[in-house]
Amino acid sequence: MLIDTHAHLDFPEFDTDRQPLLAQMRQAGIGGAIIPAADPACWPRVREVARQTGCHYALGVHPWWVTPEHCAHHLQQLAEMLSEQKDDPRLVAIGETGLDSLKGPTLDVQLASLRGHIELAIQYDLPLILHCVKAQRPLLELLAQYPGCRGVIHGFGGSLETARQFAGLGFLIGIGAAVLNTNMKKLRHCVANMEIASLLPETDSPAMAPKGISRNTPLIMLQVVEEIARLRQVDVVQLKEQLFRNVTQLFDV
Ligand SMILES: [Zn+2]
C-alpha cells in the first residue's frame with residue numbers, strides 16, 4: 001500500500017470531488033495521505049478533512065504565511081493546539097514549516113518560526129514536515145543544533161550529497177513528481193543512489209503538477225513510485241513495501 005506523505009487535500013481545489021478521489025486512490029492502492037497545514041486559519045479544516053477522509057494531518061505555519069507581526073502569536077496558538085490535540089491519533093507531524101529564500105518574509109523571521117516548530121516537535125516527539133527552497137545551507141546548520149529532531153525534507157530537489165547530509169541529521173527525503181522530469185538530473189541521480197530507507201513518496205497535491213496537467217492529485221504517486229523503481233532498477237512491489245515501512249516508521253500511521 002502507498003501513502004501520500006504530502007497532499008493538501010483540504011484545499012478548495014478538491015471541494016468538488018474529494019470523496020470520489022479518495023475512492024479512486026484506494027482502488028489504486030493509495031490507502032491515505034498526510035495533510036500538512038498552511039496557517040492557523042486552516043487548522044480546523046485540515047483536521048476535519050482528515051477525519052472525513054480517514055487521512056492523517058500535521059499542524060504548523062508554512063514559511064510563506066509567516067509574518068513578523070504574527071510569528072510569536074502563531075507559535076503560541078500552535079503550542080495550545082498541540083496540547084489540546086496531542087492524543088488525536090490522526091495528528092502525526094508538525095508542519096509544514098521550513099525556509100524559502102524566494103518567497104515569504106525575510107529568512108530571520110522564517111528562522112524564528114522554524115525554531116519554534118522544532119522545539120514543539122521535540123517536546124511532543126513528533127516528526128517535522130519541512131519545506132526548503134534555496135535554503136539548504138541555513139536549514140542544515142539549524143537542524144544540526146537540534147539533535148534528536150526528525151522528519152522529512154518534502155519536495156526535495158537537491159543532490160545526493162545534500163540528501164545524505166539531511167539523512168545524517170535524522171531526516172528523510174520526500175520525492176514527488178519532480179522526479180518524472182528528465183531535466184532534473186541531480187535529483188534523479190539522488191533517487192537512484194540514495195539509501196532506500198531514506199526515501200518517502202509524496203505529491204504536494206494540488207501543486208507540483210507534472211507538465212500538461214492542471215491539478216496534481218495523489219494518484220500521480222503511482223507514476224512517481226514506478227519512476228523510482230525504474231531509476232533504482234528494483235521491483236516496484238518490493239519498493240512499495242519498503243516505502244510503506246519508511247512512512248509508518250517516521251509518522252507512526
Ligand atoms: Zn506543501
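Begin by colouring the charged side chains: the protein carries 22 positive and 27 negative ones, and the centres of the two sets lie 6 Å apart. In this count Lys and Arg are positive and Asp and Glu negative, while His and the chain ends are left out, and each charge is placed at NZ of Lys, CZ of Arg, CG of Asp or CD of Glu. The model is a predicted one, in which local features need pLDDT of at least 70 and side-chain atom pairs count only at pLDDT 80 or more, whereas totals for chains, interfaces and linings use all residues. Residues are numbered from 1 along each chain as its sequence is written, and side-chain values use heavy atoms, with hydrogens and water left out.

**The whole chain**

Switch to a cartoon view, where nine helices and eight strands make up the secondary structure; these are DSSP runs (helices H or I, at least four residues; strands E, at least two), numbered from the N terminus. The C-alpha trace spans about 45 × 40 × 30 Å along its principal axes. The radius of gyration is 17 Å, which agrees with the value near 18 Å for a compact globule of 253 residues; the radius is taken over C-alpha atoms, and the globule rule is 2.2 Å times the number of residues to the power 0.38.

A surface view adds that the protein exposes about 11,200 Å², of which carbon and sulfur atoms supply 51%, the areas coming from the Shrake-Rupley method with a 1.4 Å probe and, for residues, only the protein chains shown counting as cover. Of the 253 residues, 53% count as buried, where buried means under 20% relative accessible area, exposed over 50%, and partly exposed in between (1.4 Å probe, protein chains only). Among contacts (heavy atoms within 4.5 Å) with a separation of 6 or more, 69% are between residues 24 or more positions apart.

**Salt bridges**

Next, select the acidic and basic side chains that pair up: the whole structure holds eight salt bridges, each defined as a side-chain nitrogen of Lys or Arg within 4 Å of a carboxyl oxygen of Asp or Glu. One of them joins Asp15 to Arg45, with the closest N and O atoms 2.8 Å apart. This pair links distant parts of the chain, since Asp15 sits in the loop between strand E1 (2-4) and helix H1 (18-27) and Arg45 in helix H2 (residues 43-53), 30 residues apart. Asp15 is partly exposed at 44% relative accessibility, and Arg45 is also partly exposed, at 36%.

Move to Asp17, whose side chain meets that of Arg215 in a salt bridge (2.9 Å, N to O). Asp17 lies in the loop between E1 and H1 and Arg215 in the loop between strand E8 (199-201) and helix H8 (221-232), so the pair ties together parts 198 residues apart in sequence. Arg215 is partly exposed, with a relative accessible area of 24%.

Follow the chain into helix H8, where Glu227 and Arg230 lie three residues apart, about one turn of the helix, and form a salt bridge (2.7 Å, N to O). Glu227 is buried at 11% relative accessible area, whereas Arg230 is exposed at 55%. Salt bridges that share partners also join Asp15, Arg18 and Arg45 into one network.

**Two buried residues**

Select Leu239 in helix H9 (residues 236-251), which is buried with a relative accessible area of 4%. Leaving aside residues up to four places away in sequence, Leu239 touches Ile196, Val225, Ile228, Ala229 and Val234.

Then select His117 in helix H4 (residues 107-124), buried at 0% relative accessibility. With the same sequence neighbours set aside, His117 touches Gly60, Val61, Leu75, Leu78, Ile94, Thr97 and Leu128.

**Backbone stops**

Most residues other than glycine have a negative phi, and most peptide bonds are trans. Look at the bond joining Gly95 and Glu96, which is cis with an omega of about 10°; Glu96 belongs to strand E4 (residues 91-100). A cis bond also joins Ser205 and Pro206, with an omega of about 0°, and Pro206 is in the loop between E8 and H8.

Finish with Gln233, in the loop between H8 and H9, which has a positive phi of about 55° although it is not a glycine and is exposed at 75% relative accessibility. Asp252, in the segment after H9, likewise has a positive phi of about 55° and is exposed, with a relative accessible area of 67%.
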